[in-house]
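Work through the exercises below with the sequence and the model open. Each one sets a task and then solves it step by step.

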Amino acid sequence: MPNIRVRLLAVLVVLCGSLTVAGAPPATAATPSDSLWFDGAALTVRGGRFTDGQGREIVLRGYNVSGETKLEENGGLPYASLADARKSATALRALGGGNAVRFLLSWAHAEPVRGQVDSAYLAAATEQIRAFLDAGIRVYPDFHQDLYSRYLFDTGSWYTGDGAPKWAVDEGGYPKESCGICLFWGQNITQNAAVRKAQYDFWHNAHGLQDAFLTTAQATMEHLRQHLSSEEFAGITGFDPYNEPYAGSYDSGQGSRTWERDLLWPFYVRFRARMDAAGWRDKPALVEPNLFWNAGIPTQKQEGGLLDTGTLGPAYVFNTHFYDQKAISGILMWGKAADGQYATDFATVRDRASAAGTAAVVSEFGHPLSGTVSDKAPTVLKAMYQALDSRLPGRSWWSGPAASGPVLSGSQWQWDLYSGRHHEPMNGNPDKVLTAKDAWNDEDLSAVRLDDSGNAVLRQDARLLDRLYPGATAGTTLAFTYEDRSRDGSAVLTWNPVPASLPNVAKLVGSGQYGVLVWRSGDGTAPTELHLPASFPTATTTVVSDLGTVHAPPAYDSATPVAVAPEPGGTGSRRLLLTDSDSGVAHYALVTAGATAPAADLLTAARTELAAWAAARF
């Protein structure tokens, strides 16, 4: 049984001595391979952005790891073994282009008996988290829940949940669950009386539920702090306290906004205090507003967004999700997504975080990859990534790039290595074993799967997922765009063509992928870095910048302004490093894989055009 394997692995870890001394990290902890002098610093929030120890703006891009945690087959862990965790981390970096993950944890498995934290579960989770840290991937854990708990649902139910342990459900004495006439599992949130009452009880701390959760969360954070080395712990970005919070029901005279103010925010303040007590004082809580604050369907939308909390500052990050429920419905959005489809939605996220004085992260976004609306996935996901990169549609980026806004961090849902290969008795029913898709409420959103040889392979276009993006900017990002040329079937999606006013730049780029970053230099000496997708092999990558114009950039050293280096972790992924030597100066860089041995005069002409464009726009 997979569950037994996981627990035996955890016990063996303890018996072998790596966790025998309380508070002692493993002796073998080391800096990820291929690290350079500026890598590995802990992140903080400053000026409304994530920043590292060199003062660089940091963008976190990656995936949720993973929906497997919602299932029982691997004991509430993302992976059946440490080997699978390492395989997944390597693939996420090398194939998926990610530098961060939201790592799902299960309250039900962390505290299966009230007041008793399962140290074997925490040990196994810590080892799997370490696999990602070793690959140079930052991690922010998330105590996940959907529909409060699987234990609200009986063995014959059409739906299931995850989150709270059985004892928490038993103490509530909730009514028999029923969603009535529901087309989507999410309708249980507002239509299932058992789910609504359980959520209500949690937020009102009935039966001491919230107290118990916070105690377990603190114990979990203490375990991670004690059993990761200081270098590894620096890779922990923060903690997401609660997935997709919702009131369940409102008290008389209460609305969604006052619920956030009077119940949700005090919970986050309590969670923040537990973080401080656990030794996480310098890491932010990534706090989510009311689930429905940014719903795209007007009848679902509720006022919110943590509007009454004042300035959040560095102790908190504004953390939200985004799914296009109109597109998912199959009824409310005919056709496919287009250029700029979500520009306004993601601009709202930027503006809300800015008003709160903190950074933003979109910790879930995605679209079904099978079923009647899966044909929309290529355009919906392209439009979401476009909106993460810039608040502008592609058609207007070149003419007004100064309005591009900050590049948003985000984690796509999801990265499930076992997609389509599950063995999950739904709600414990041995006669209802789920194997297909995500094995959870008929969802199918994983970007990865294992092939018949056991290798991780992408389920979506690599051009869409493995993207050029500024992982670290030495100063302040002024504008960024990336044209991925991803595919919708056989059609090439080009939403941001180089304008005719830049003919030599257009000629250089051709039909290839390209990105443009404009930034104002800061006071540090560490370089700006952009993740180079696998589709940008060094030999065919061209960079046109005021720092230098280079085809096939050389290997990095501190005296080379435009260079390439491996990313930390030894996965084979690469980054472009751009080193300036000034402060407060606007710089630009165009990066393209579209040119093969471009002529020197073309490079010179393209640089002249870009210099004039940057001077006029910035």
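**Exercise 1. A covered strand**

Task: find how many of the residues of strand S5 (residues 100-105) are buried, and which way they point.

Solution. The model is a predicted one.
Step 1. Six of the six residues of S5 are buried, so the strand is mostly covered, where buried means under 20% relative accessible area.
Step 2. In a regular strand the side chains alternate between the two faces of the sheet.
Step 3. Ala 100, Arg 102 and Leu 104 point one way from S5. Val 101, Phe 103 and Leu 105 point the other way. Both sets are buried.
Step 4. S5 pairs with strand S4 (residues 61-65) in the parallel sense, over four bridges. Within this pairing, Val 65 stands opposite Phe 103.

**Exercise 2. The seven-stranded sheet**

Task: give the order of the strands in the open sheet of seven strands, and state which strands stand at the edges.

Solution.
Step 1. The order is S6-S5-S4-S10-S9-S8-S7, and the pairing is parallel.
Step 2. Strand S6 (138-143) and strand S7 (285-287) each have a single partner strand, so they stand at the edges and one side of each is left without a neighbour in the sheet.
Step 3. From one strand to the next, the twist averages 25°.
Step 4. For a pair inside this order, take S9 and strand S10 (residues 409-412), which are joined in the parallel sense by two bridges. Val 362 has Gly 410 in S10 as its bridge partner.

**Exercise 3. Two helices**

Task: compare the span of helix H12 (residues 343-356) with the expected one, then find what covers its buried residues.

Solution.
Step 1. H12 has 14 residues, and its first and last C-alpha atoms are 20 Å apart. This is close to the 20 Å expected at 1.5 Å a residue.
Step 2. The buried residues of H12 are Ala 343, Phe 346, Ala 347, Val 349, Arg 350, Arg 352, Ala 353 and Ala 356.
Step 3. Their cover includes strand S8 (316-322), strand S9 (360-365) and helix H13 (377-389). H12 lies across S8 and S9, and runs at about 165° to S8.
Step 4. After H12 comes Gly 357, with a positive phi near 70°.
Step 5. Repeat the span check on H13: its 13 residues should span 18 Å at 1.5 Å a residue, and its end C-alpha atoms are 18 Å apart, which agrees.
Step 6. H13 is mostly covered, with 12 of its 13 residues buried. Among them are Lys 382, Tyr 385, Gln 386 and Asp 389.

**Exercise 4. The five-stranded sheet**

Task: describe the open sheet of five strands, and find the helix H17 that lies across part of this sheet.

Solution.
Step 1. The strands follow the order S16-S19-S25-S21-S22, with antiparallel pairing.
Step 2. At the edges stand strand S16 (475-483) and strand S22 (548-551); each has a single partner strand, so one side of each lacks a neighbour in the sheet.
Step 3. Neighbouring strands are turned by 15° against each other on average, direction ignored.
Step 4. Strand S19 (residues 514-521) and strand S25 (residues 586-592) run antiparallel and are joined by seven bridges. One residue to locate is Arg 520, whose bridge partner in S25 is Ala 586.
Step 5. Helix H17 (residues 600-617) lies across S19, strand S21 (542-545), S22 and S25, and runs at about 45° to S21.

**Exercise 5. A histidine in S25**

Task: is His 587 buried or exposed, and which side chains make polar contacts with the His 587 side chain?

Solution.
Step 1. His 587 is located in strand S25.
Step 2. The relative accessible area of His 587 is 3%, under the 20% cut-off, so this residue is buried.
Step 3. The His 587 side chain makes a polar contact of 2.6 Å with that of Asp 546 and one of 2.9 Å with that of Asp 582.
Step 4. Leaving out residues up to four places away in sequence, His 587 also touches others, including Leu 517, Trp 519 and Leu 547.

**Exercise 6. The disulfide**

Task: find which cysteines the disulfide joins, and state its handedness.

Solution.
Step 1. A disulfide is a covalent bond between the sulfur atoms of two cysteines.
Step 2. The count comes to one disulfide, and this link joins Cys 179 to Cys 182 with an S to S distance of 1.7 Å.
Step 3. The angle about the S-S bond is -80°, and the link is left-handed.
Step 4. Cys 179 is buried at 7% relative accessible area, and Cys 182 counts as buried at 11%.

Definitions and conventions
Residues numbered from 1 in each chain as written. Predicted model: local features only at pLDDT ≥ 70, side-chain atom pairs only at ≥ 80, totals over all residues. Heavy atoms only, no water. Expected span 1.5 Å × (residues − 1). Buried < 20%, exposed > 50% of the residue type's maximum accessible area, 1.4 Å probe, protein only. Contact = heavy atoms within 4.5 Å. Pairing = 2+ DSSP bridges. Axes fitted to C-alpha atoms, helices over the stretch in contact; angles between N-to-C directions. Disulfide = S-S within 2.5 Å. Polar contact = N/O pair within 3.5 Å; in protein donor to acceptor, adjacent residues only side chain to side chain.
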